[in-house]
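My notebook is open, and I am going through this model one entry at a time. Follow along with the structure at hand.

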Amino acid sequence: MKQRSLAIAALVAVLAVAAGVGASLGAAKPTRTDRTTVNTAVSGSVTFDGIWTGSEAASFAKVIKAFNAVYPKVKINYKPVGNNLTTVLSTAIAGGHPPDMADIAQPGYIQQLVSQGKLKPITYAKSTIAKNFTAPWQQLGTFNGKLYALVFKAANKSLVWYDVPDFKNAGVKPPKTFAQLLTAAGTLKSSGVPAYSIGGSDGWTLTDMFENIYLRTFGQAKYDQLSAHKIKWTDPTVKTALKTMGKILSDTSNIYGGTSGALQYGFNDSVTNAFGSPSKAAMVFEADFVSGVITSSTKSKPYSGFNVFPFPSIASGAPSTAVEVAGDLFVTFRDNPAIEAFVKFLATPAAATAWAKQGGFATGNHNVPASAYPNAIDRAIGTSVEAAKGVVFDMSDEQPASFGSTVGQGEWGIFQKFLKTPSDVNGISSQLEASAAAAYKKGK
Amino acid sequence: MAAPPPPGESGERRLARYATGALFLAPALIVLGVWIVYPAVYTIIRSFFGQTGYLGTWVGFDNYKRLFTTSTLTTAIKNNAIWVAVVPAFVTAMGLIFAVLTERVRWSVAFKTAVFLPMAISAFATGVTWRIMYQQDPNVGAVNALIRSVKGAFSPAGVLPSALPSSPDETAQSSGAIILKTPLHPGGVALLGLTAIPPDQVPSGAKQAVTPPAKQGAIVGTVWRDFKPGGGVPGKVEQGELGLPNVTVELRSSDGKVVQKTSSAADGSFTFGRVRSGSYQAAVGAATFAKPFAGYAWLGPSLITPSLLIAYIWIWAGFSMVVIGAGLAAMPRDVLEAARTDGATEWQTFRRVTVPLLAPVLSVVFITMIINVLKVFDIVLSLAPESSQQNANVIALAMWRTAFGGVNDFGTGSAIAVFLFLLVIPVLALNIRRFKREA
């Protein structure tokens with residue numbers, strides 16, 4: 001009996017905490033009136049399902065607080081769902097009760113929802129978005145010719161992180177071209193440290209590498225066609241990119257742990273292996289969020305311990321200025337003045353600045369002042385994203401999930417096979433095509 | 001089940017009695033209906049419809065066809081078959097052995113507790129623990145560390161395990177030795193450059209490398225870390241490159257026989273004195289480069305299922321031991337004593353008396369394990385790294401991945417669930433029949 005009452009008490013406590021999170025996010029009342037005019041005409045409440053938990057949810061609460069300074073009568077109920085958001089949303093939609101708004105990381109999933117007519121366009125926010133975002137960003141939120149999503153937050157995925165002492169010991173400089181990268185990798189190996197740390201247990205680290213190589217070799221137009229499966233995966237361009245990638249993957253003695261090690265280390269391991277003490281490898285190919293893992297899990301310090309360079313260019317000319325991003329797209333399932341007010345506000349620099357100040361944030365909103373970023377590396381990444389000439393979305397997120405983002409299947413699984421046998425370019429490309437064709441056929 | 005109404009009861013009374021019965025039954029019926037009957041019926045219906053929506057479009061048996069044609073799902077079915085073939089038998093056998101042995105040892109309570117303890121840990125936590133124990137790097141994984149301590153005693157690692165030849169004049173032999181291809185004659189100089197040596201692996205006391213001057217009637221040379229920041233020129237001794245002291249260098253005759261051996265000095269130089277005329281080669285023996293044990297890839301695609309089975313048996317052996325132990329305790333002792341008095345050996349007593357008497361208990365354990373293993377899920381998810389989860393896949397995991405793992409294909413997911421349900425039914429039926437017989 002006592003045990004049961006304890007369990008009930010624990011359950012009540014959990015519920016209370018959960019309710020408290022919702023309440024504290026929702027009831028964030030403005031402490032003082034800002035210089036912006038306060039609008040009390042619009043009132044209502046908006047439910048918002050997002051993937052952010054923990055510190056990211058706290059940062060988003062700051063954004064909501066900034067919104068409530070302008071619209072004190074609109075209550076935002078943010079629900080931190082976590083990484084299985086698409087599952088939760090799919091179930092909620094099937095049951096007929098989706099939230100008012102959601103934060104979705106997969107454009108492929110949004111495309112599916114748009115085709116099913118589940119989403120509402122956000123054309124009312126078009127002028128606000130146009131004021132703050134360049135055309136490529138608006139394009140990312142456009143589906144079937146209409147604006148459906150706001151890219152609120154973007155991660156720069158075209159980056160390579162390196163261990164500064166390793167580079168110093170080997171006497172190499174951050175490479176600018178792919179050829180320089182391979183030479184530097186050779187020198188690093190001779191100096192006694194493997195050049196690459198690969199987190200191949202997470203398939204997405206491999207697809208990201210492929211996507212950057214493809215983008216740098218063939219440019220944005222081809223990239224977008226491949227994303228939409230208008231180019232087949234058996235195309236010669238895909239094979240060329242695979243061969244280029246094979247130059248890294250087949251250099252097995254230059255990968256920390258060799259092939260079987262790389263297959264067992266996940267993304268986090270790949271970062272701590274490279275930047276832990278002692279450093280076991282020199283470079284990690286991944287997005288801006290690597291810096292968060294380094295600072296939280298290792299003692300390495302920016303500039304003296306770790307630094308970053310843009311993914312090297314492969315073909316000469318314009319393609320190298322494009323940036324691959326992964327991002328948070330905000331979509332709406334309903335339409336009312338309160339939702340419209342919130343969407344419009346999110347497109348303003350005030351909303352982005354509120355999060356940027358908390359760190360770990362980059363956005364395409366080019367009106368965010370550089371002073372909003374709390375440190376130099378955040379600022380460099382943030383401004384590089386804002387200034388990007390071309391922006392493409394993470395390709396695997398644009399595909400149907402069974403091909404682009406399911407553990408062990410589709411792209412993730414096949415690129416893990418490629419890590420095992422980098423010489424089998426033809427076999428890998430036909431497997432990719434077979435899997436993509438099946439996924440696109442089923443998605444319809 | 002209403003009792004027959006007592007004679008002379010009025011219709012109103014009877015109604016009230018039924019209402020009371022219904023009222024008492026209601027909670028159980030509602031719980032069963034909402035959480036068992038409705039989901040089960042809905043899942044069966046859902047399995048004939050397409051990917052999304054509350055129902056989606058009618059697809060007939062397509063989802064079931066996919067079950068046996070998609071490689072992901074066939075792997076899962078095959079793996080589940082392996083699980084069913086191995087685990088129940090092993091768990092029952094181990095439990096039987098432990099139960100019989102603990103009856104006869106001192107400290108049997110302590111032993112039983114130790115064997116039973118894994119049952120107290122959640123399968124997910126067990127998966128995480130074993131995943132760390134199975135790590136390939138022997139510095140991290142306990143299993144490989146154990147193997148290394150045994151192996152290391154027989155074949156110790158060399159002093160420069162990661163070194164590679166630095167110039168194309170050298171080659172690494174299949175034995176592991178690094179040899180200078182250029183033939184040497186008395187009065188010659190051998191330059192054995194090595195690279196890929198981390199700075200902290202250079203033996204202490206190393207000095208700037210020098211090329212020794214050629215000596216009449218002798219072969220001299222140097223073995224050094226042929227690397228300076230930026231790379232330097234391979235095969236050339238440069239300022240800033242350190243000699244490698246205490247490396248055993250061999251002089252080999254043209255037929256490959258080791259003629260002389262010497263050890264390098266602090267600046268890496270070495271001398272083979274009084275060399276007869278002829279053609280020679282200089283080499284650094286394989287022992288210097290012997291790699292430390294790198295560990296087995298327990299979590300790799302080929303070993304992952306056996307690794308999972310071991311961890312799972314480790315969990316359940318305790319359960320089996322306790323259940324069988326209880327059966328053993330309840331067994332009539334006089335039968336055993338009678339067998340022994342009649343001259344049966346211990347093995348015969350065990351084989352002909354104990355096991356047959358325990359058969360009902362053994363079958364309970366066996367059947368319970370079959371059901372457990374058919375729906376095994378959490379340990380695979382937590383133990384297998386994502387890169388080998390495909391190879392370790394089981395039906396329940398495949399169902400979850402298909403329905404909720406991003407693909408959100410509720411149709412195929414439901415079909416897998418129904419298939420799993422069909423597999424469990426015969427075992428359940430067997431169990432229920434046995435319960436009835438016992439009652």
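**Entry 1: a small sheet in chain A**

I started with a strand pair: E7(A) and E8(A) run antiparallel and share three bridges. I then looked up one position along the pair and found Val160(A) opposite Phe285(A) of E8(A). A reminder to myself before going on: this is a predicted model.

Next I traced the whole sheet. It is open, has three strands in the order E8-E7-E9 (chain A), and its pairing is antiparallel. E8 and E9 of chain A are the edge strands, each pairing on one side only. From one strand to the next, the twist averages 25°.

**Entry 2: the helix beside it**

Is helix H12 (residues 267-275) of chain A largely enclosed or not? I counted eight buried residues out of its nine, so H12(A) is largely enclosed by the rest of the structure. The buried ones are Phe267(A), Asp269(A), Ser270(A), Val271(A), Thr272(A), Asn273(A), Ala274(A) and Phe275(A).

What do these buried residues pack against? I found strand E7 (159-163), H9, strand E8 (283-285), helix H13 (290-297) and strand E9 (306-310) of chain A. That brings me back to the sheet of the first entry, with its order E8-E7-E9.

**Entry 3: the nonpolar cores**

I keep one general point in mind here: in soluble globular proteins, nonpolar side chains tend to be buried together. The largest nonpolar core in this model has 137 residues. The members with the most contacts inside this core are Phe67(A), Leu150(A), Met283(A), Val331(A) and Phe342(A). Helix H9 (residues 203-227) of chain A gives the core its largest share, ten residues. I also checked the domains: at least three residues of this core come from each of domain 1 (33-155 + 326-393) and domain 2 (159-321 + 399-443) of chain A.

I picked Met283(A) for a closer look. Beyond its neighbours within four places in sequence, Met283(A) is in contact with Val160(A), Trp161(A), Tyr162(A), Ala195(A), Tyr196(A), Ser197(A) and Ala274(A). Ala274(A) is familiar from H12(A), where I had listed it as buried.

Another core, of 52 residues, lies apart from this one, and among its members are Ala76(B), Leu308(B), Trp316(B) and Ala396(B).

**Entry 4: two domains of chain A**

How far apart do the C-alpha centres of domain 1 and domain 2 of chain A lie? I get 29 Å. Across the boundary, 13 residues of domain 1 of chain A are in contact with 18 residues of domain 2 of chain A. On the domain 1 side, helix H4 (107-115) and helix H16 (376-387) of chain A are the elements that give two or more residues. H4(A) has the largest share of that side, with three residues. By class, I noted seven nonpolar, five polar and one charged residues there.

**Entry 5: where the chains meet**

The contact between the chains takes 32 residues from chain A and 31 residues from chain B. On the side of chain A that touches chain B, the elements giving two or more residues are helix H3 (85-94), helix H7 (164-170), helix H8 (178-190), helix H11 (258-264), helix H18 (401-404) and helix H19 (410-420) of chain A. I sorted that side by class: six nonpolar, 23 polar and three charged residues.

**Entry 6: a sheet in chain B**

Over in chain B, I followed an open sheet of five strands, ordered E2-E3-E9-E6-E7, with antiparallel pairing. Why is one side of strand E2 (170-172) and of strand E7 (258-263) of chain B left without a neighbour in the sheet? Both stand at the edges with a single partner strand each, so one side of each has no neighbour there. The average twist from one strand to the next is 25°.

I went through the pairs around strand E9 (residues 280-284) of chain B. Strand E3 (residues 178-180) of chain B pairs with E9(B) over two bridges, and there Ile178(B) stands opposite Val284(B). Strand E6 (residues 248-253) of chain B pairs with E9(B) over five bridges, with Tyr280(B) as the bridge partner of Ser253(B). Four of the five residues of E9(B) are buried, so this strand is largely enclosed by the rest of the structure.

Last, I checked the pair at the edge: E6(B) and E7(B) run antiparallel, joined by five bridges, and Leu251(B) faces Gln260(B) of E7(B).

Key. Residues numbered from 1 in each chain as written. Chains lettered and ligands numbered in written order. Predicted model: local features only at pLDDT ≥ 70, side-chain atom pairs only at ≥ 80, totals over all residues. Contact = placed C-beta atoms within 7 Å. Nonpolar A, V, L, I, M, F, W, Y, C, P; charged D, E, K, R; others polar. Core = buried A, V, L, I, M, F, W, Y, C linked by C-beta atoms within 7 Å. Buried ≥ 20, exposed ≤ 12 C-beta atoms within 10 Å, placed from the backbone. Domains from an automatic or database assignment. Pairing = 2+ DSSP bridges. Axes fitted to C-alpha atoms, helices over the stretch in contact; angles between N-to-C directions.
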